[in-house]
Amino acid sequence: MSTEAVYLDAVLAPNAPLSRRGFAWVMATFGALSLTAGLAFLQLGFFPILGFFGLDVLLVWLIFQASFRTQRQRTYVRVTADSLDLRHVDGRGRETSAHLPSGFARVEIAEPAPRRPGFIKLAASGKAYSIGKFLTAEERHDFAARLKDALAEARRERF
């Protein structure tokens with residue numbers, strides 16, 4: 001077991017705007033409204049409309065499923081005197097990792113631009129990684145400051 005000091009050990013995860021229970025309520029309400037409207041059109045003799053209301057419910061369900069998959073992603077950041085370790089697990093469970101020397105790691109904030117979210121850029125040894133695209137601007141700045149402080153402490157121990 002290593003006794004190396006850990007200066008930062010964080011997990012970044014997107015905020016969950018809707019719980020599974022809330023999702024069930026939204027889908028039940030939306031499905032009931034669509035069914036009611038579809039049956040009203042069916043009584044008027046417009047039977048194909050009922051299928052289109054079913055497609056609307058299916059489309060909303062698919063969009064929510066994609067959103068829930070995105071919410072499962074996690075980024076793990078660990079700073080020690082020797083290294084800055086990054087590990088990202090996407091919504092499908094695929095994992096990528098990077099190992100940067102903490103003595104040379106740089107932290108920058110890339111502000112949002114049209115069609116591009118803001119993110120935190122970590123760079124060292126000619127390689128750069130972006131993390132925290134799902135964070136709000138305030139969360140991004142707070143985490144970047146904590147990460148810079150942790151790297152500064154790690155450098156003080158090492159050098």
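Which hand does the crossing of helix 1 and helix 2 have? The crossing of helix 1 and helix 2 is right-handed. The model is a predicted one, and the description below covers its helix pair, its strands and its salt bridges.

## Helix pair

Helix 1 spans residues 20–43 and helix 2 spans residues 48–71. Their axes come within 8 Å and cross at roughly 165°. Because angles over 145 degrees count as roughly antiparallel, helix 1 is classed as roughly antiparallel to helix 2.

Sorted by class, the residues in the contact of helix 1 with helix 2 are 17 nonpolar, four polar and two charged.

## Four-stranded sheet

An open sheet is formed by four strands in the order 1-2-3-4, with antiparallel pairing. Strand 1 (6–12) and strand 4 (95–101) are the edge strands, and each of them pairs on one side only. From one strand to the next, the twist averages 10°.

Inside this order, strand 2 (residues 74–80) pairs with strand 3 (residues 83–89) in the antiparallel sense, over six bridges. In this pairing, Val79 stands opposite Leu84 of strand 3.

## Strands 5, 6 and 7

Strand 6 has pairings with strand 5 and with strand 7. Strand 5 and strand 6 are antiparallel and pair over five bridges; here Ile109 is placed opposite Ile120 of strand 6. Strand 6 and strand 7 (residues 127–131) also run antiparallel, joined by five bridges. Lys121 has Ser130 in strand 7 as its bridge partner.

Two residues lie between the strands in the hairpin of strand 6 and strand 7, where Ser125 takes a positive phi near 55°. Five of the six residues of strand 6 are buried, so this strand is largely enclosed by the rest of the structure.

## Salt bridges

The count of salt bridges comes to five. One of them joins the side chains of Arg87 and Glu95, with an N to O distance of 3.3 Å. Arg87 is partly exposed at a relative accessible area of 32%, and Glu95 is likewise partly exposed, at 48%.

Another links Arg94 with Asp90, whose closest N and O atoms are 2.7 Å apart. The two ends fall into opposite classes of accessibility: Arg94 is exposed, with a relative accessible area of 53%, whereas Asp90 is buried, with 18%. Asp90 is classed as buried because its value of 18% is under the 20% cut-off.

## The bridge between strands 5 and 6

Which side chain meets that of Glu108 in a salt bridge? The partner is Lys121, at 4.0 Å from N to O. This pair links distant parts of the chain, with Glu108 in strand 5 (residues 106–110) and Lys121 in strand 6 (residues 119–124), 13 residues apart. Glu108 is partly exposed, with a relative accessible area of 35%, and Lys121 counts as partly exposed at 29% relative accessibility. Arg106, Glu108 and Lys121 are joined into one network by salt bridges that share partners.

Lys121 therefore appears in two of the relations described here: the salt bridge with Glu108 and, in strand 7, the backbone partnership with Ser130.

How values were computed: Residues are numbered from 1 along each chain as its sequence is written. This is a predicted model: local features need pLDDT of at least 70, side-chain atom pairs count only at pLDDT 80 or more; totals for chains, interfaces and linings use all residues. Side-chain values use heavy atoms; hydrogens and water are left out. Buried means under 20% relative accessible area, exposed over 50%, partly exposed in between (1.4 Å probe, protein chains only). Axes are lines fitted to C-alpha atoms, for helices over the stretch in contact, and angles run from 0 to 180 degrees between N-to-C directions. Angles under 35 degrees count as roughly parallel, over 145 as roughly antiparallel, 65 to 115 as roughly perpendicular and the rest as oblique. A crossing is left-handed if the near helix is turned anticlockwise from the far one by less than a right angle, and right-handed if clockwise. Ala, Val, Leu, Ile, Met, Phe, Trp, Tyr, Cys and Pro count as nonpolar, Asp, Glu, Lys and Arg as charged, and the others, Gly among them, as polar.
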